[in-house]
Amino acid sequence: MGYFIRVLDNFHFADPAEEYDVGNFVCYNDALEHAKKYVREDIIGMWVHGQDINSLFSYYTTFGADPIIISEEPSQREWGFSAWDYAEALVEDLKNYLIEGTDIQTIYQTAILFAGDRHAMKNQTLPDSHIPYVVHLSNVCMEILVADRHTENFNLKLAVQTALLHDVLEDTETTTLELEECFGGLVTYSVQALTKDKDLSKEKRMEDSLRRIKECPKEVWAVKLADRITNMQKPPNSWGPDKISQYHGEAKLILSELREGNQYLANRLEKKIKDYSRYCCT
Ligand code: NI
């Protein structure tokens, strides 16, 4: 007993040849999360690639994917998830980022309290230190706030929330559904891209995350640059030479992949990478 997803295609409405089934989910929430991902990828992809916000919903209902969740139990076939309703809510969510609304100070407070609490529950600290992890999050956000003054068309609300929440899925028990309830679909999508996929081998994780970051708005690229700038400090004592040079190399990869995302932060990271060479033996 479980669920699967049937992906219909809005453009080929009612054409069974264009439908396909995916997944085999034991739990409904996993199926729901998967179904939402289809819609999020479509909506945000269309937006990032230049679709006007006011016609985004009708564009989605014409061309997007329309997943439905189906129970394997024949008596309760279609299960209540409407991709169109979800898409409509996502578009509203996006509009909230583009128009006046909550001030940035309130947005900052809400996100840092949430993230600070979640990381504190795990007793997470900075490496080799007793300093609470929230200091790292605040440092990343500080880079973002300064970068905002040097960047045109920068969506500060998205960037601040993504900066403060960027490790909450990777390091705490927070689920994507919960994050979405509190901060909306766009922030969740952005934090997901910054979260390494633990099912992949360690060597593949960064490459995979960078690929997903590059499908996101430029603000998410900026958060990744800011994260690495913040982390390019004296390495923890527990790190050996191999780990240090691997970290150095990874920073160069981040810079080369995401440079276009934010020139100001890219320049800062470039300088940090140069300074970090002093810790490398080679
Ligand atoms: Ni981080």
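**Salt bridges, domains and burial: a bench-side chat**

Trainee: What makes the pair Glu180 and Lys36 a salt bridge?

Mentor: The closest N and O atoms of Glu180 and Lys36 are 3.6 Å apart. A salt bridge asks for a side-chain nitrogen of Lys or Arg within 4 Å of a carboxyl oxygen of Asp or Glu, so this pair, at 3.6 Å, earns the name. The same two residues also belong to a network of salt bridges that links Glu33, Lys36, Arg40 and Glu180.

Trainee: What should I keep in mind about the values?

Mentor: This is a predicted model, where local features need pLDDT of at least 70, side-chain atom pairs count only at pLDDT 80 or more, and totals for chains, interfaces and linings use all residues. Residues are numbered from 1 along each chain as its sequence is written, and side-chain values use heavy atoms, with hydrogens and water left out.

Trainee: How do you know where the domains begin and end?

Mentor: The protein is divided into domain 1 (3–97) and domain 2 (104–279), and such bounds come from an automatic or database domain assignment. Taken over C-alpha atoms, the centres of domain 1 and domain 2 are 28 Å apart. Domain 1 brings 15 residues to the contact and domain 2 brings 17 residues, where contact means heavy atoms within 4.5 Å.

Trainee: How is the interface between domain 1 and domain 2 put into a number?

Mentor: The size of an interface is often given as the accessible area lost when the parts come together. Here domain 1 and domain 2 bury about 1,300 Å² between them (the accessible area, with a 1.4 Å probe, that two parts lose on being put together, summed over both). Carbon and sulfur atoms carry 58% of that area.

Trainee: Which interactions cross from domain 1 to domain 2?

Mentor: The rule finds 2 salt bridges across this interface. There are also 7 residue pairs in polar contact, both residues at pLDDT 80 or more. A polar contact is a pair of N or O atoms within 3.5 Å; within protein, one must be able to donate a hydrogen and the other to accept it, and residues adjacent in sequence count only if both atoms are side-chain atoms. On the domain 1 side, the elements that give two or more residues are helix 1 (28–48) and helix 3 (83–98). Helix 1 gives the most to this side, with 9 residues. Helices (H or I, at least four residues) and strands (E, at least two) are DSSP runs, numbered from the N terminus.

Trainee: Why is Leu56 called buried?

Mentor: Buried means under 20% relative accessible area, exposed over 50%, and partly exposed in between (1.4 Å probe, protein chains only). Leu56 has 0% relative accessibility, so it counts as buried. Leu56 sits in helix 2 (residues 56–63). Leaving aside neighbours within four places in sequence, Leu56 is in contact with Ile43, Met46, Trp47, Gln51, Val91 and Leu94.

Trainee: Glu143 has a charged side chain, by class; is Glu143 buried or exposed?

Mentor: At 7% relative accessibility, Glu143 counts as buried. Glu143 lies in helix 5 and, not counting residues up to four places away in sequence, touches Ala226, Ile229, Thr230, Leu265 and Arg268.

Trainee: And what makes Ser238 exposed?

Mentor: Ser238 has a relative accessible area of 57%, so it is exposed. Ser238 is placed in the loop between helix 11 (218–231) and helix 12 (241–258). The C-alpha atoms of Ser238 and Asp128 are 7.7 Å apart, with their positions 110 residues apart along the chain.

Trainee: How many salt bridges does the structure hold, and what does the one between Glu173 and Lys122 tie together?

Mentor: The structure holds 18 salt bridges. For Glu173 and Lys122, the closest N and O atoms are 2.6 Å apart. Glu173 is in the loop between helix 7 (168–171) and helix 8 (176–183), and Lys122 in the loop between helix 4 (104–121) and helix 5 (134–148), so the pair ties together parts 51 residues apart in sequence. Glu173, at 60%, counts as exposed, while Lys122, at 40%, is partly exposed.

Trainee: Which residues form salt bridges with Asp208?

Mentor: Arg211 does, with closest N and O atoms 2.8 Å apart, and Arg212 does at 3.0 Å, N to O. Arg211 and Asp208 both lie in helix 10 (residues 202–213), 3 residues apart, about one turn of the helix. Arg212 and Asp208 are 4 residues apart in helix 10, so about one helical turn separates them. Asp208 is buried at 13%, whereas Arg211 is partly exposed at 45%.
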